[in-house]
Amino acid sequence: ADQGRPKQAMIRLLARARVNSSDPELFSGLVHACRYCGLLEASVAAHEQAARLDPNIITSVGHSYFYLGDYDRAMRASMGDFGYLKGVALGMLNRREEAISILHETEQKFPLAVLRGYPVSLRALLEGRRSESIEAAEATIAAHLRDPEGLFYLGRQFVYLGETARALEILAQSVERGFICFPAFARDRWLDPLRDNPEFVRILGLVEGRYREAVAAFREAGGEQVLGTSS
């Protein structure tokens, strides 16, 4: 099932990193896998290890900083991202005009509809163009969007736009496809309108249970020793 893949990937990468601790690409992979499992401090530690081994490596750590609520660092670490992360971080810092400008530039760079949908939907949301934002987000999802983290970002946008039922569908899909980043679901301010919603409470419980399993698997796989962290 999709839901188990990030945990299995994390366990596999940790096993390889125990044997070969000098491969920066292994640690770059752990940045991604640990984040999907909700192990954000481990994700950041994996990035730091990758960067020590290869100062030029680009990882996805910006998203880990975003879920930790460190929007400044998320913005600075958004290299390799296609512009959405910088825009969404600026939005959380209430720097809307900057966010809109960056997102507009990004739209011009990505002719592929599935990639353009992210910056278009967020730029329209920040401009108050509700219909355009929803249309772009739905088009992105319809283009066979498989990335569960992408679904999480779009789900939180639907919450912001007051599309509660649709947001809950998308967030549930994100979890079923393997995004079990409990801190993101628990802390994200844009999800606050859902806190008392019974369906969201159910989703949050599901995420927390799978996250706890991932924490246990991380420890069992020697993750704390590999990354020099406590989970």
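Helix axes are taken here as lines fitted to C-alpha atoms over the stretch in contact, and the angle between two of them runs from 0 to 180 degrees between N-to-C directions. On this basis, in what is a predicted model, helix α1 (residues 5-19) and helix α2 (residues 24-36) pack at an angle of about 150 degrees, with 9 Å between their axes. Since angles over 145 degrees count as roughly antiparallel, α1 and α2 are therefore roughly antiparallel to each other. The crossing of this pair, α1 with α2, is left-handed. On the α1 side the contact is made by P6, A9, M10, L13, L14, R16 and A17, which meet L26, F27, G29, L30, A33, C34 and Y36 of α2. When the residues of this contact between α1 and α2 are sorted by class, twelve are nonpolar, one is polar and one is charged.

The chain as a whole comprises 14 helices and zero strands, so that, read along the sequence, its pattern is α-α-α-α-α-α-α-α-α-α-α-α-α-α. The radius of gyration of the chain is 17 Å, close to the 17 Å given by the globule rule for 231 residues, and the chain is therefore as compact as a globular protein of that length. Taken along the principal axes, the box filled by the C-alpha atoms is roughly 50 × 40 × 30 Å.

Further along the chain, helix α11 takes part in two of the helix packings described here, one with α10 and one with α13. Helix α10 (residues 148-160) packs against α11 at an angle of about 160 degrees, the two axes being 8 Å apart, and α10 and α11 are therefore roughly antiparallel to each other. The crossing of α10 and α11 is left-handed. In this contact P148, L151, F152, G155, R156, F158 and V159 of α10 meet R166, A167, I170, L171, Q173 and S174 of α11, and the residues involved divide into eight nonpolar, three polar and two charged.

The axes of helix α11 (residues 164-176) and helix α13 (residues 198-220), by contrast, come within 10 Å and cross at roughly 15 degrees, so α11 and α13 are roughly parallel to each other. The crossing of α11 and α13 is likewise left-handed. From α11, the residues L168, L171, A172, V175 and E176 meet E199, F200, R202, I203, L206, V207 and R210 of α13, a contact whose residues divide into eight nonpolar, no polar and four charged. Residue L171 of α11 thus appears both in the contact with α10 and in the contact with α13.

Aromatic side chains were also examined. The structure holds 15 aromatic pairs, and ring pairs join Y36, F66, Y67, Y71, Y84, Y118, F152, Y153, F179 and F185 into a cluster. Among the members of this cluster, Y36 also belongs to the α2 side of the contact with α1, while F152 belongs to the α10 side of the contact with α11.

Conventions: Residues numbered from 1 in each chain as written. Predicted model: local features only at pLDDT ≥ 70, side-chain atom pairs only at ≥ 80, totals over all residues. Heavy atoms only, no water. Helix = DSSP H or I, 4+ residues; strand = E, 2+ residues; numbered from the N terminus. Parallel < 35°, antiparallel > 145°, perpendicular 65-115°, else oblique. Left-handed = near helix turned anticlockwise from the far one by under 90°. Contact = heavy atoms within 4.5 Å. Nonpolar A, V, L, I, M, F, W, Y, C, P; charged D, E, K, R; others polar. Phe/Tyr/Trp six-rings, centres within 6.5 Å; stacked < 30°, edge-to-face > 60°. Rg over C-alpha atoms; globule rule 2.2 N^0.38 Å.
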